[in-house]
Amino acid sequence: MPSGGAPIIRYLTSLRFFVACLLLVEAISGVHAENVSSHPDKPNILLLLADDQGWGDMGCAGHPVLKTPGLDKLASEGCRLTTFYTSAPVCSPSRAGILTGRDQNRFGMKHIINDGEDKSIPVFHHVPVNEPTIPRLLKSVGYKTAHIGKWHLSFSGRKDEPTPHDYGFDHYLLLAAGRHTSYKDSKWQRDGERIQTEGRWTAEVYVDEAIDFIESCTDAPFFVNLWSFAPHIAVECADKYKEMYPGRTEQEQTYFGCITQMDEQYGRLLDYLDEKGLADNTIVVFTSDNGCTSPILPWVESARGYAGPFRGSKHNIHEAGIRVPALVRWPGVTQPGSVSNEIASTLDLLPTLCSAAGVDLPDEWDFDGGLLNPAFENRPIDRPHPVYIQYELGRMLLDRGEIFTSPPLALRKNYWKLFCDTDFKNLELYNMDTDPGEKWNMADIHPDIAQDLLNDLEEIYPIINGPYSKTAETKNPNF
Ligand SMILES: [Ca+2]
């Protein structure tokens with residue numbers, strides 16, 4: 001070894017050099033001892049949920065026009081799941097599935113919450129408050145929990161109706177009822193108190209609230225559940241985002257601009273995590289509650305969602321209604337820029353996040369998902385049963401035309417997908433590998449495969465639709 005190199009080597013192996021490196025890392029990353037929410041054994045969790053964003057409504061999913069640099073960066077740092085299903089093709093039941101980790105039909109939730117005003121769908125006021133939820137389980141091991149944005153799981157603010165507090169959230173900010181989708185609405189509730197947001201864009205309001213909440217979590221890991229309205233109809237955005245899409249129609253500019261405006265705020269929140277040195281200990285999940293609205297519905301003005309090669313739309317359980325964008329960035333677990341085609345579900349989020357936080361799932365409840373972890377390595381998820389979808393209101397929409405309807409039951413197993421009615425007749429079997437558009441029914445060509453999936457489905461159906469599904473406390477007698 002040349003003698004001139006020895007002092008350098010001694011320095012490189014010295015304690016002084018090690019300390020210098022630590023100081024440099026601190027200086028670059030902003031990590032320091034008194035940092036908020038730095039709990040290495042319990043990762044912080046940020047769950048970002050879009051509303052009606054289509055499977056292909058991200059640059060990283062191949063959209064040729066839409067600009068989503070925030071989500072694209074998240075994808076480049078984590079895993080994009082291409083075969084990710086929700087448990088329903090509309091808002092409330094899908095969100096109920098996410099929060100409880102259980103197929104919402106188990107507690108009788110077949111459609112959006114309804115106080116009886118809409119005579120065409122069942123009355124259903126709120127998710128039973130005794131159901132297990134992600135925030136309640138995380139709280140049991142010391143997390144601080146917040147819900148921000150759209151809610152749609154109860155008539156929060158009405159007499160005796162549960163609020164997010166009743167489901168395990170320490171803090172919440174939401175609009176008073178469930179259906180408002182104005183992007184500049186000022187009728188917000190913060191922990192039961194009416195507040196004014198002075199007509200600010202909701203995307204900014206959410207992220208400001210999320211940052212304020214995270215700042216307050218000085219002595220505990222956080223779970224922030226940020227559920228945006230974007231890009232649900234009636235779609236709106238600031239003019240500067242429309243101007244990012246010259247040459248497009250007014251409807252396209254509005255829809256794309258709405259997503260880009262929200263994306264910019266997601267990016268701001270992710271930048272904040274970086275700046276505070278929190279990103280390395282925070283699991284970030286992005287997905288959508290259901291697929292995109294069909295642009296040809298007569299009352300839809302600015303929905304221009306892109307569902308890739310898939311059939312259908314929101315409101316039915318063909319792929320476009322239930323297969324949604326999904327990104328997970330989990331430092332140390334997901335590989336940067338990875339893509340997984342494994343079958344996965346929003347119902348896998350509860351067991352996965354609870355496992356990450358060291359929470360044992362309660363024995364008294366049956367959950368419908370498994371751990372997502374194998375999917376990040378393109379291995380199948382070990383789940384209690386194949387992905388099962390039950391949405392019986394699809395037939396209700398027959399008056400809109402055949403393309404908006406679907407059979408009420410579906411089961412996804414390997415690359416096959418089976419549909420049938422609730423009497424287990426009228427089988428439709430599609431090969432999702434060769435026919436992602438669900439065009440060619442192969443039930444008569446492969447009756448053995450159809451029967452195999454039907455056997456699973458017939459076993460699951462009575463479990464999901466047991467006595468509790470008809471007796472669970474889901475209505476408020478006081479209004
Ligand atoms: Ca929705």
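This is a tour of selected helices, strands and loops in a predicted model, with a suggestion at each stop of what to select next.

**First stop: helix α8 and its neighbour α3**

Begin by selecting residues 250–275, which make up helix α8. From its first C-alpha to its last, this helix of 26 residues reaches 37 Å, which is close to the 38 Å expected at 1.5 Å a residue. If you then move along the chain past the end of α8, you come to G277, a residue with a positive phi, near 70°.

Keep α8 on display and add residues 69–77, which form helix α3. Two packed helices are described by the angle between their axes and the distance between the axes. Here the axes of α3 and α8 come within 7 Å and cross at roughly 50°, and the two helices are therefore oblique to each other. Which residues of α3 meet α8? On the α3 side you can select P69, G70, L71, K73 and L74, and on the α8 side their counterparts are D263, E264, Y266, G267 and L270. Coloured by character, the residues of this contact divide into five nonpolar, two polar and three charged.

**Second stop: helix α4**

Now select residues 91–100, the helix α4. Is this helix mostly covered or mostly exposed? It is mostly covered, since a residue counts as buried if 20 or more other C-beta atoms lie within 10 Å of its own, and ten of the ten residues of α4 are buried. Among them are C91, R95 and T100, so you may wish to click on each of these in turn.

To see what lies against the buried residues of α4, add α5 (134–139) and α10 (349–357), the helices they pack against. Just as with α8, a glycine with a positive phi comes afterwards: α4 is followed by G101, whose phi is near 70°.

**Third stop: strand β9 and its partners**

Next, select residues 282–288, which form strand β9. Seven of its seven residues are buried, so this strand is largely enclosed by the rest of the structure. In a regular strand the side chains alternate between the two faces of the sheet. In β9 both faces are covered, with T282, V284, F286 and S288 buried on one side and I283, V285 and T287 buried on the other.

Add strand β1, residues 44–50, and you will find that it runs parallel to β9, with seven bridges joining the two. Then add β10, residues 326–329, which runs antiparallel to β9 and is joined to it by four bridges. A good residue on which to centre the view is F286, because it is the bridge partner of L48 and is itself partnered by L327 in β10.

**Fourth stop: two loops with unusual backbone values**

Most residues other than glycine have a negative phi, and most peptide bonds are trans. With that in mind, go to the loop between β8 (222–227) and α7 (239–242), where P231 is placed. The peptide bond from A230 to P231 is cis, with omega near -5°. A234 lies in the loop between β8 and α7 as well, and the bond that leads to it from I233 is also cis, again with omega near -5°.

Finish in the loop between β15 (416–420) and β16 (428–431), where you can select F424. Its phi is positive, near 65°, and F424 is exposed, with 12 other C-beta atoms within 10 Å. N426, found in the loop between β15 and β16, has a positive phi near 55°, and N426 is exposed, with 10 other C-beta atoms within 10 Å.

Terms used
Residues numbered from 1 in each chain as written. Predicted model: local features only at pLDDT ≥ 70, side-chain atom pairs only at ≥ 80, totals over all residues. Expected span 1.5 Å × (residues − 1). Axes fitted to C-alpha atoms, helices over the stretch in contact; angles between N-to-C directions. Parallel < 35°, antiparallel > 145°, perpendicular 65-115°, else oblique. Contact = placed C-beta atoms within 7 Å. Nonpolar A, V, L, I, M, F, W, Y, C, P; charged D, E, K, R; others polar. Pairing = 2+ DSSP bridges.
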